[in-house]
Amino acid sequence: MTPAILPHNLLTDNPELYEARFPDPDRLAGRWTDDCLRRHGSGERVLDMGCGTGRDAAQLHGAGHTVTAADLSEAMLTHARVHHPGPEYVRADLHGFDLGHGAYDAVVCLDSALLYCHTNDQLDTFLSSCRRALSPGGLLVAEMRNGAYFLGRTDLLDGPTVHEFTWQGTAYRSITSLTVDRTAQLLRRTRIWSADDGSEPVEQHSAWRLLFPQELRHLLAVHGFEVLELHDGPGPRTEPRWHEGQPPGRTTDADRLHVVARLHSIR
């Protein structure tokens with residue numbers, strides 16, 4: 001059976017299914033982010049861009065931060081307001097947003113959300129928006145895939161990855177293939193979903209920008225940020241995973257990239 005190609009993302013359109021596929025019962029991403037903010041003396045006003053289901057934003061709220069959480073998906077925002085209350089949830093596009101001038105002490109962008117900025121113009125607009133949103137000395141905390149990992153490595157590209165899980169009595173199966181578009185500097189993903197509920201398989205496509213550590217340093221410097229940390233782990237999605245008290249690493253070789261940068265000038 002040929003899968004139907006859908007224009008939307010099955011997980012984005014179904015937040016509860018997203019949380020079932022990517023569980024985070026220990027709220028590790030939110031705890032790691034809180035640790036970064038506290039170690040670098042951030043104020044309490046936090047903007048979580050690309051907040052998704054709201055789990056990380058709610059964790060930060062529970063840790064004492066005043067959180068505004070933004071996403072482009074109305075389905076995600078509706079889910080977040082019901083299941084992860086506390087933050088103020090708003091609709092905004094990370095490709096360009098204006099949620100107040102100097103209104104935040106930190107901007108957080110987790111789980112490779114920043115890499116949905118595919119072009120240089122989109123990256124510039126995102127960082128310009130962050131600069132506008134932050135108070136002087138504010139922090140940008142981001143966690144994402146590491147483009148440098150794909151220099152000479154093919155283990156994530158050699159074959160499809162299969163995941164199976166059950167949600168609300170339905171067994172789901174995803175087959176994911178990754179390819180590198182070197183010209184566009186994108187990691188392209190094709191994912192085929194199937195379920196045992198009689199529905200037809202669906203095929204979905206997405207992509208992340210592949211950013212390299214020194215490229216990211218340059219982009220941040222151009223927009224007035226000083227890099228305080230840039231490393232491949234430990235973090236919330238590394239193996240082994242981060243735990244409280246661990247210092248940041250010093251290498252940028254593994255498949256995740258973590259950055260903390262401070263806004264030191266406003267042009």
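**Exercise 1. Which residue with a positive phi follows α7?**

Solution. Keep in mind that this is a predicted model. Moving past the end of α7, we reach G224. The phi of G224 is positive, near 90°.

**Exercise 2. Work out where the buried residues of α7 lie around the helix axis, and what covers them.**

Solution.
- Step 1: start with the residue range. Helix α7 spans residues 213-222, and P213, L216, L219 and L220 are buried there.
- Step 2: look down the axis. The buried residues of α7 fall within an arc of 125°, so they line one face of the helix.
- Step 3: turn to the other side of α7. Here Q214 and H218 are exposed.
- Step 4: find the cover. The elements over the buried residues of α7 include one helix, α6 (120-133), along with the strands β6, β11 (225-231) and β12 (256-263).

**Exercise 3. Decide how many disulfides the model has, and check C51 and C117.**

Solution.
- Step 1: recall the chemistry. A disulfide is a covalent bond between the sulfur atoms of two cysteines.
- Step 2: set the cut-off. The two sulfur atoms must be within 2.5 Å.
- Step 3: apply the cut-off. The count comes to 0 disulfides.
- Step 4: check C51. Its nearest cysteine sulfur belongs to C109 and is 11 Å away, and C51 is in no disulfide. With a relative accessibility of 6%, C51 counts as buried.
- Step 5: check C117. Its closest cysteine sulfur is in C109, at 7.3 Å, which is too far for a bond. C117 is buried too, with a relative accessible area of 0%.

**Exercise 4. Describe the surroundings of N146, then say whether N14 is buried, partly exposed or exposed.**

Solution.
- Step 1: place N146. This residue sits in the loop that joins β6 (134-145) to β7 (161-167).
- Step 2: assess its burial. The relative accessible area of N146 is 0%, so the residue is buried.
- Step 3: look for a polar partner. A polar atom of the N146 side chain lies 3.0 Å from the backbone nitrogen of A148.
- Step 4: list contacts, leaving aside neighbours within four places in sequence. N146 is in contact with L211, P213, T252, D253, A254, D255, R256 and L257. Among these, P213 is one of the buried residues of α7 from Exercise 2.
- Step 5: move to N14, found in the loop between α1 (10-13) and α2 (15-21). Its relative accessibility is 31%, so N14 counts as partly exposed.
- Step 6: add a distance. N14 and R241 are 227 residues apart in sequence, and their C-alpha atoms are 27 Å apart in space.

Definitions and conventions. Residues numbered from 1 in each chain as written. Predicted model: local features only at pLDDT ≥ 70, side-chain atom pairs only at ≥ 80, totals over all residues. Heavy atoms only, no water. Buried < 20%, exposed > 50% of the residue type's maximum accessible area, 1.4 Å probe, protein only. Helix = DSSP H or I, 4+ residues; strand = E, 2+ residues; numbered from the N terminus. Polar contact = N/O pair within 3.5 Å; in protein donor to acceptor, adjacent residues only side chain to side chain. Contact = heavy atoms within 4.5 Å. Arc of directions from axis to C-beta.
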